[in-house]
Each structure stands twice: as C-alpha cells, then as structure tokens.
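Dear colleague,

Please find the structure below, for your records and for discussion. My findings follow it.

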Amino acid sequence: MKISLHNTMSRSIEPFEPLTNGLVRMYCCGPTVYNFAHIGNLRTYIFEDVLRRTLEYGGFSVKHVMNVTDVGHLTDDGDDGEDKMVKSSKETGRDVYEIARMYTDAFFSDTDALHILRPHVACRATQHIEDMIALIKRLEEKGHTYVSGGNVYFSIDTFSRYGELAKLNLEDLQSGARIDVDANKKNPKDFVLWFTKSKFENQVMVWDSPWGKGYPGWHVECSAMSMKYLGESFDIHCGGIDHIPVHHTNEIAQSEAATGKRWVKYWVHGEFLINETGKMSKSKGEFLTLTVLQKKGYDPMDYRYFCLGGHYRSQLVFSWKSMDSAKNGRKNLMKLIRGVHQDATKAIHSDLSDSAQKYLDTFFGHLGNDLNAPRGLATVWNLVKDNSVPASDKLFCLGEMDKILGLGLTVIEESEEPSTGEIPENIRALVDERIEAKSNKNYHRADELRAIVEEAGYKLTDTPDGTVVSKIV
Ligand code: AMP
Ligand code: ZN
C-alpha cells in the first residue's frame, strides 16, 4: 500500500517514507486536562487515529506518543492569560491534581468510545519536569535563552529558521506587532520556557529548578517528552491547525536549537470542526462534548462516521441536522451490512473475487492518498450495494476496511435495530388499521388485514403488550 501525506512544512502532498525502515515514530499533541474534550478536539484525535491505522495497515510498526498537559497551559498560546488548570481549580474549588486526573479519565473514556486507539505512551507533563529542565539547560548553554523578570525566555532571534512552518514574515510581525503585555520580552514572539515570577504568585504546581521555584511553559513539554520517547528526530508530528503559528512553531525552535538537527519529517495538521456560528471553543462556556451527543441519542460511532465523511484538511461544520444525516447514513449502512451477514452464511468462497479485490484496492488507494476517508466511505457503500460481489467476499473486505475506519462495521448487534425498525410504512399502516379494527370489535376486518400483512411477508403476534410485527425469514 502506497501512502502519501500532506506535509504542512512543504504545503504539499509527499510520498511517506519513514526515517527508519518499517518503523514510524509519531507524536500527537494531547489534551489539556482542565475540562472535557469538546467534539472539535475529538475530531482531531479521530483523524490522527485514521492516520495511525492507515500506517499500520500499510505494514509499518507505529510508535504513537501523546502528551497530557496537566500543567502550564495558559488560556492564550502566546504566554498571556491565566493558567487553565488553576482557573478551573478556582472555578470548581477542586485541587488541580484531582482536576487533571478526572479529566484525563474522561478523555480516555471518550476516545475509547470513539474507537480511537490508545497511544503507546501517554505522558503527563507533571511527570517529566526533569526532562524539561534538562532541555532548557541545553538551550541556555547554547545561548538561546535569557532571564527577564524572573522568567526564562527563548530568544527567537537566535534561531534563524524561526517561523518556517507557519511561513511567518518576521519583519512584518516586528513592525506590526500588537502591544505585548509582557514587557520582559526582547522580541514579542519570544516565549517562556520556565516561569518563576509571573502573574500567578500562588501557583500550586511548582518545582525547584536552576532558575528558582516555578513551572514550565507549555511548548517545552512537547519538545522534551517527544524527544524522550521518540528520539531527537522522528517521523510525524500532528495536531490541529491552530497549533501551526505558535505552539508548533515554538516547539520546532526550541527542539532544533537544542539538537542542531531537523526535528520532525512530516507535519500533519487537521482542520477545525466549527459550528454554524464559527469556532468551537472551551472558553466560551457552553460547549459540545461526546456525552452531550450521547444524551441526545447519538452513538459515538455516529460521530466517528460524521467525521469520516469530511476530509481531515477541510473544515467541517457541525449542526444537529448534519449529525442526524450521519446517524441515518450509518444506520442504513449497518442495515445493508446485516443483510450481507445473513447472505454470507449461505455463501461459500475460497479466493477473493476480482471484483472484491478491486474494491479493496480502491479503498486503500483513497486512504493512502492523504487519508481520503470520505472517498473510502463511499467505496464501502458501493461495495455493499454491488450485487456482483459475493456476500462472504463483502464481509472480508468490510473487515479489512474497518481496520482503518474503526466503525465496527462487522459487529452486528441485534439491539442496534429493534424488530419494528425494518417494517415498511405501508405494513405499519395496515397493522395500525388492524389494531383499530380489533378495538372496534370488527374481527372480520382484523383477520382480513392479518392475511394481507402475512402475504406481504410479515408475521403478527398479539401479546399482552400489543402486536409485534416481524419479517418472515
Ligand atoms: P487542546 O486541548 O485545546 O490543546 O486541543 C487538543 C487538540 O484539539 C489540539 O490538537 C487542537 O489543535 C485540537 N482542536 C482544538 N479545537 C479544535 C476544533 N474546533 N476542531 C478540531 N480540532 C481542534
Ligand atoms: Zn504540543
């Protein structure tokens, strides 16, 4: 299987070739655990999951590392605002560690429900403070840092490739820079590696360091932890597009300034999920979580199906209407697959037919081509509806395709479709008419209606709870 990926660094689709044969080292920026993940965040983790599954299907062994930010992420990426954990602690009256634990558990419960494979390493920032301090020291020795107002800053003027990923025009930035609230910075784009004195004098999470008691800046955690688990150069770094101009730009500067090497080969970014009024955000107060969707009657697989219906590099607009159509789409697909299951028990096959093989090739061609999941889904539909493909071949193909889609396509749960679900409208109407006839004691008409319904292939059983209709098989 050939795989090509869009690399944000080159703004083009490149053939994928890992640095080490057969092995892919992949880092994904993880959640900040001060609140639940919203469904926009979850869209990004779904796309990263599709990426990992595609690579694994393509025969690579993937090492997937993700951070859990449980300290040091301010409400603004550019060192402004409040510490998100502290803010949440103040709002809820809970201890910061308790908050982090609670939301980390909630995060993995959501991702499990969405069939997102767990990373091989999920590393918490608070457990890696020593690694961050070591990295800052390394930068200090190489002259990339300065201390000002008690904080340690990275000086972007010491790193000539600064802003390459985001294609930032630094001269424009300098001249047009907004008034920076941090007067300690030499350049408005410099960023904090280690906070000692800051706006938050009573920060709960503090550690000793060569620069005094304090806590790390957010960006340094990803550089330190990714390099610890994946080495100084690795294959893929992912995240949402919002991370390109600040977080990933700063991660590159501090990693490459420390090692003198290229840090990441492929930068893969997912576009945002937006709602009809614009951006989804946690800080706006009300936000949509997976639990909210579940409470409204959607299955987590409906949301995964909804996300797979859009290309990861295109914005996806969330609305209840589009969620409904995803839900119905998946329901109809599963109904067809249930039929395939029934037929497959009768079918006998030894080798995969050419027609089925073509569907597999088409599907993996789409996924290998910069993860085109929407086309992959369309191929699933075409396969299921194609009468020329033997049912058992279809089942085999669906199993293979689902290794990437992760929709549980071959798991048929009886409970997914109540027995009344498959009853067509006209039969329902006849059954309702019969119920009415019976209640009017018009038994002759009721018997007539029963005969019509049975002739159409449906059985009626009168029970103390009412009439149950089922298809005669
Ligand atoms: P955060 O917990 O805010 O650091 O975000 C976790 C991940 O979700 C990051 O990769 C973000 O880029 C991504 N993200 C944030 N908002 C959205 C959104 N509306 N749509 C898609 N991804 C998002
Ligand atoms: Zn990160």
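D370 is found in the loop that links α11 (354-368) to α12 (373-385). In this predicted model, D370 has a positive phi of about 50 degrees, although it is not a glycine. With a relative accessible area of 1%, D370 is buried, since the cut-off for buried is under 20%.

The side chain of D370 is joined to that of Y312 by a polar contact of 2.5 Å. Y312 belongs to another loop, the one between α9 (300-308) and β14 (316-318). At 5% relative accessibility, Y312 counts as buried. Leaving aside residues up to four places away in sequence, Y312 touches H6, R43, F47, V268, H269, G270, E271, D370 and L371. You may also wish to note N372: its C-alpha atom is separated from that of Y312 by 7.9 Å, while the two residues are 60 residues apart along the chain.

A second residue with an unusual entry in this respect is R11. R11 also has a positive phi, of about 55 degrees, and is not a glycine. Its place is the loop between β1 (4-7) and β2 (12-15). R11 counts as partly exposed, at 37% relative accessibility, whereas D370 is buried.

I turn next to the metal site. Which residues coordinate the zinc ion (ligand 2)? The donors are C29 and C222, each through SG, H247 through NE2, and E251 through OE, at 2.0 to 2.5 Å. Along the sequence, these donor residues are spaced C-x192-C-x24-H-x3-E. C222 lies in helix α6 (residues 218-230) and E251 in helix α7 (residues 244-259), so this pair ties together parts that are 29 residues apart in sequence. Both residues are away from the surface by the accessibility criterion: C222 counts as buried at 0% relative accessibility, and E251 counts as buried at 0% relative accessibility.

The geometry of the site deserves a separate remark. The angles among the four donor atoms of the zinc ion (ligand 2) are 66 to 132 degrees, and the site is irregular. It does not count as tetrahedral, because that label requires all angles to lie between 85 and 135 degrees, and the range here begins at 66 degrees.

On the cysteines, how many disulfides does the structure hold? There are zero. C238 is in no disulfide, and the nearest cysteine sulfur, that of C28, is 4.0 Å away. A disulfide would need the two sulfur atoms within 2.5 Å. C238 counts as buried, at 0% relative accessibility. C307 also counts as buried, at 5% relative accessibility.

Two of the sheets may be of interest to you. In one, four strands form an open sheet in the order β6-β7-β8-β9, with antiparallel pairing. At its edges stand β6 (145-148) and β9 (215-216), each with a single partner strand, so one side of each is left without a neighbour in the sheet. Within this sheet, strand β7 (residues 151-154) and strand β8 (residues 191-195) run antiparallel and are joined by three bridges. F154 has F191 as its bridge partner in β8.

The other is an open sheet of three strands, in the order β13-β12-β14, and its pairing is mixed. The edge strands are β13 (278-279) and β14, each of which pairs on one side only. Strand β12 (residues 273-275) runs antiparallel to β13, and two bridges join them. Here the bridge partner of I274 in β13 is K279. The strand β14 also bounds the loop that holds Y312.

Finally, some overall figures for the protein chain. The chain has 15 helices and 16 strands. Of its 473 residues, 52% are buried. Among contacts between residues at least 6 apart in sequence, 76% join residues at least 24 apart. The pair of Y312 and D370, described above, is one place to begin when you view the structure, with its polar contact of 2.5 Å between side chains.

With kind regards

Methods
Residues numbered from 1 in each chain as written. Chains lettered and ligands numbered in written order. Predicted model: local features only at pLDDT ≥ 70, side-chain atom pairs only at ≥ 80, totals over all residues. Heavy atoms only, no water. Donors = N, O, S within 2.8 Å, 3.2 Å for Na, K, Ca; no water. Tetrahedral: all angles 85-135°; square planar, octahedral: opposite > 155°, others 65-115°. Buried < 20%, exposed > 50% of the residue type's maximum accessible area, 1.4 Å probe, protein only. Contact = heavy atoms within 4.5 Å. Polar contact = N/O pair within 3.5 Å; in protein donor to acceptor, adjacent residues only side chain to side chain. Pairing = 2+ DSSP bridges.
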